[in-house]
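Please read this briefing alongside the sequence and the 3D structure. The topics are confidence, sheets, helix packing and enclosed or open space.

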Amino acid sequence: MRKRQATATVTNSAAAAKDFISFVNASPSPFHAVAEARRRLEAAGFSGISERDAWSVKRNGRYFFTRNQSSLVAFVVGGAYKSGNGFSIIGAHTDSPCLKVKPVSKKETAGYLKVGVETYGGGLWHTWFDRDLGVAGRVLVKAADGSITHRLVKIDEPILRIPTLAIHLDRGVNSEGFKINTETQLTPMLGLAAESKVEKHHSALLSKISTDLNIQAEEIGDFELCLFDTHPSQIGGVDNEFIFSARLDNLMSSFCSVEALIKSVSENDSFEVDPNIRVVTLFDNEEVGSTTAFGADSDLLEVTLRRLAGAHVESVTAPNSTAFEQSLSRSFLISADMAHAVHPNYSEKHEENHRPKMNSGIVIKQNANQRYATSSVTTTILREVALKRGVLLQEFVVRNDSPCGSTIGPMLSAKLGLRTIDVGNPQLSMHSIRETCGVKDVGSAIDLFQSFFEEFAAVDARVSVDL
């Protein structure tokens, strides 16, 4: 058997941070994020397959597929894989809190053209005021021959704006707080009123969309568009130690998991002797509960694992009737979602012994009430994986007098019986239109995830819990 090469390379965090900024700037919607991930996978030699087809996979093969073009699964079949072996899985999500254009968006008030929007997820909506907003997403285009295609649109221009009310007309805003009605006061203006015969959407908006797609406005069918801040992500801080960006939650984890999978098959030959299948799953709709056909509470991951466990893999003995169940007991899931860094002005909001810092390591998230899926077993395994690359780890629990958020981790762990750990890079201003994280943490996350893909099977062989 070919000897496995050492995995000592450490990611250049500055370069990785710049690469992430390119990724997130290209991904103003989940559809764009999946398209960008797909582009990177294809460049690394991954082959696209379809859920509609029968799968024929082989050892050392690299594959990916999409569902709804807003979720994606990529996997690499280890060179030593055999039926019943495990899956090394990282799960993240492509969506972020945002404002979405309503199905009938045309509004007009006091001489202004306005676009009706719907809140998506739990955003910090006050941060969306006085921003230069564009729109992006998916448009279904109907051609003259009757064919209907999915097209991506990105109007990277400040065509929309939600203006705040002047302090002269709201004297109590600073003393009483900034309070808004999200139905009536969170509606962006598009321009000044003019006659329009379009019933559902303003002609000016449809004109922008058709120009971007190089089609006629009449060809535009239904669409799913979200608003985004046109100001690009960038590196900042006195020593360039921060990333200021939209959608860090959770495109950071999506980016790092895809990059780690690619690096795990391009930087060394460890995959050629890996007994497992390496998997990345990027789900949609986490911010609204995941209970959709494209979210983590769907059958997406389970169907994928069932099909792989039951697939006839070239040069591998045909699977037995319990191959899927055997595989799950040998598998491990990293639920990768961003974590809360200690705040410079609100440090008391963190439990005093659990205050993660940016640029100081990946955060292991734990909760006694199982809002996170982390256990002592999964923590131990991840620590061993981290040691292989010298990746620093931090720990987080919420205060007893504070509610705890959750992730896709507990959901998938319960559905499939997977050993699971919840981790994430620390950040500030989660769910703001502009968030902050550390430059060094990008490389750290990639290194941890790559080490997981390369080392998990060997580490797991040393762990004994259940007979």
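The points below describe a predicted model, starting with confidence and ending with the pocket and cavities.

The mean pLDDT of the protein is 95. Two open sheets are described, one of nine strands and one of five. The largest pocket holds about 1,000 Å³ of space, and the largest cavity about 200 Å³.

**Confidence**
- A pLDDT of 70 or more is reached by 97% of the residues.
- Residues 1-7 stay under a pLDDT of 50. For residues 1-7 the model has 19 contacts beyond four places in sequence.

**Nine-stranded sheet**
- The strand order in this open sheet is β1-β2-β3-β13-β4-β14-β18-β16-β17, and the pairing is mixed.
- Because β1 (47-48) and β17 (393-396) each have a single partner strand, one side of each is left without a neighbour in the sheet.
- Strands β3 (residues 71-77) and β13 (residues 277-283) run antiparallel and are joined by six bridges. F75 has V279 in β13 as its bridge partner.
- Helix α2 (residues 30-43) packs on this sheet and touches β2 (62-67), β3 and β13. The direction of α2 makes about 20° with that of β3.
- Helix α6 (residues 300-310) lies across β2, β3, β4 (87-93) and β13. The angle at which α6 runs to β4 is about 155°.

**Five-stranded sheet**
- This open sheet also has mixed pairing, with the order β11-β12-β20-β19-β15.
- Its edge strands, β11 (234-236) and β15 (339-340), each pair on one side only.
- β15 and β19 run parallel and are joined by two bridges. Opposite A339 stands P426 in β19.
- Helix α5 (residues 248-266) packs on this sheet, where it touches β12 (242-245), β19 and β20 (435-438). Between the directions of α5 and β20 the angle is about 35°.

**Hairpin of β5 and β6**
- Strands β5 (residues 98-109) and β6 (residues 112-120) pair in the antiparallel sense over eight bridges.
- T109 stands opposite Y112 in β6.
- Two residues lie between the strands of this hairpin, and A110 takes a positive phi near 50°.

**Largest pocket**
- The lining of the largest pocket has 34 residues. Nearest its centre lie H340, F396, P403, G405 and M430.
- At least two lining residues each come from α9 (408-416) and β19 (426-428).
- By class, the pocket lining comprises 13 nonpolar, twelve polar and nine charged residues.

**Cavities**
- Three cavities of 30 Å³ or more are counted.
- The largest cavity is lined by 22 residues, and S96, P97, C98, W128 and R247 are the closest to its centre.
- Both β5 and β10 (220-229) supply at least two residues of the lining of the largest cavity. β10 gives the largest share, four residues.
- The lining of the largest cavity divides into eleven nonpolar, five polar and six charged residues.

Methods. Residues are numbered from 1 along each chain as its sequence is written. This is a predicted model: local features need pLDDT of at least 70, side-chain atom pairs count only at pLDDT 80 or more; totals for chains, interfaces and linings use all residues. Side-chain values use heavy atoms; hydrogens and water are left out. On a 1 Å grid over the protein atoms alone, a cavity is a set of points where a 1.4 Å probe fits but cannot get out, and a pocket is an open set with protein on both sides within 12 Å along at least five of seven lines; lining residues have an atom within 4 Å of a point. Grid points are joined across faces, edges and corners, and a volume is the space filled by probe spheres set on the points. Ala, Val, Leu, Ile, Met, Phe, Trp, Tyr, Cys and Pro count as nonpolar, Asp, Glu, Lys and Arg as charged, and the others, Gly among them, as polar. Two strands pair if DSSP finds at least two bridges between them. pLDDT is the predictor's confidence in each residue, from 0 to 100. Contact means heavy atoms within 4.5 Å. Axes are lines fitted to C-alpha atoms, for helices over the stretch in contact, and angles run from 0 to 180 degrees between N-to-C directions.
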